[in-house]
Amino acid sequence: MKYLKIIFALFLLIYLTSCQNKIIGTYYKCHKDGSYYEYKITDQYTIMLSNKSDIVWIHKVKQIDNGIIVSDFDSSANRLMINNDTLIVLSKTKDKIILKSSYTWDKMELNKADFDFDEIDSTNLDSWKNKTISEFKKRAELINCPDLRTKKEKNTPTIDLDDFEEEEIPITEVK
C-alpha cells in the first residue's frame with residue numbers, strides 16, 4: 001500500500017508538471033507586413049524587440065494558470081496600449097506557442113527561438129540595451145520575413161506615431 005501511494009504521488013507530480021502552461025522562453029515572429037519581432041518571457045518580465053524601431057520594450061509579467069498578465073512597470077518609458085492584458089495559452093508545443101489576448105481577442109503565434117537574451121543589467125541599463133539591440137539587428141538581418149500583404153493592404157495610408165510631432169496649441173484666455 002505504501003508503494004502504491006508513492007507511485008500515485010509520482011504520477012500526479014508528472015501529470016501536473018506536464019500540464020503547466022508556463023510560457024517562459026525566448027520566441028520570434030514574422031508579421032504579415034514582413035517585420036520581425038523577438039520576445040523573451042520570464043516569471044517577472046517580458047522583453048520585446050522589433051526591426052521597426054530601436055526600442056527595447058520591457059514589461060511586467062505575472063504567470064497565471066493558463067497564460068500571463070502583461071502590464072507596465074511604474075517606471076516604464078514605453079507604455080502598453082492595453083495595460084494588464086491577459087494572454088491565454090491556446091496551444092503549446094516544443095516549437096511553437098499560440099496566445100490569445102483577452103482584450104483584443106487577437107491570436108499571436110510565436111516560434112521557439114534557439115537563442116536567448118542576456119539577463120537585464122540594471123546597473124548598466126544603457127549598455128545592456130545597446131548590446132541587446134545590436135545582437136537583435138544581426139539576427140534580424142539573417143531572417144527574411146516576407147511581406148504577405150495584398151496590394152490593397154500595402155496602399156492603405158498609415159500614420160507613423162514614432163515620428164509624430166506634437167503641435168503646440170496656444171491657450172487664449174476668455175473674459
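**Strand pairing and nonpolar cores in the predicted model**

K96 has N111 in strand 8 as its bridge partner, strands being DSSP runs of E with at least two residues and helices runs of H or I with at least four, both numbered from the N terminus. The model is predicted, so that local features need pLDDT of at least 70 and side-chain atom pairs count only at pLDDT 80 or more, whereas totals for chains, interfaces and linings use all residues. Residues are numbered from 1 along each chain as its sequence is written, and side-chain values use heavy atoms, with hydrogens and water left out.

Strand 7 (residues 96-101) and strand 8 (residues 107-112) run antiparallel and are joined by five bridges, two strands being paired if DSSP finds at least two bridges between them. These two strands form a hairpin with five residues between them, where W105 in the turn has a positive phi of about 65°. Strand 7 also pairs in the antiparallel sense with strand 6 (residues 85-92), over five bridges, and S101 in strand 7 is the bridge partner of L87.

The largest nonpolar core (buried Ala, Val, Leu, Ile, Met, Phe, Trp, Tyr and Cys residues joined through side-chain atoms within 4.5 Å, where buried means under 20% relative accessible area, exposed over 50% and partly exposed in between, with a 1.4 Å probe and protein chains only) has 14 residues, and those with the most contacts inside it include I47, W128 and F136. Strand 3 (45-50) and helix 2 are the elements that give two or more residues to this core, and helix 2 provides the largest share, four residues. A second, separate core of 13 residues includes Y27, I68, V70 and I97.
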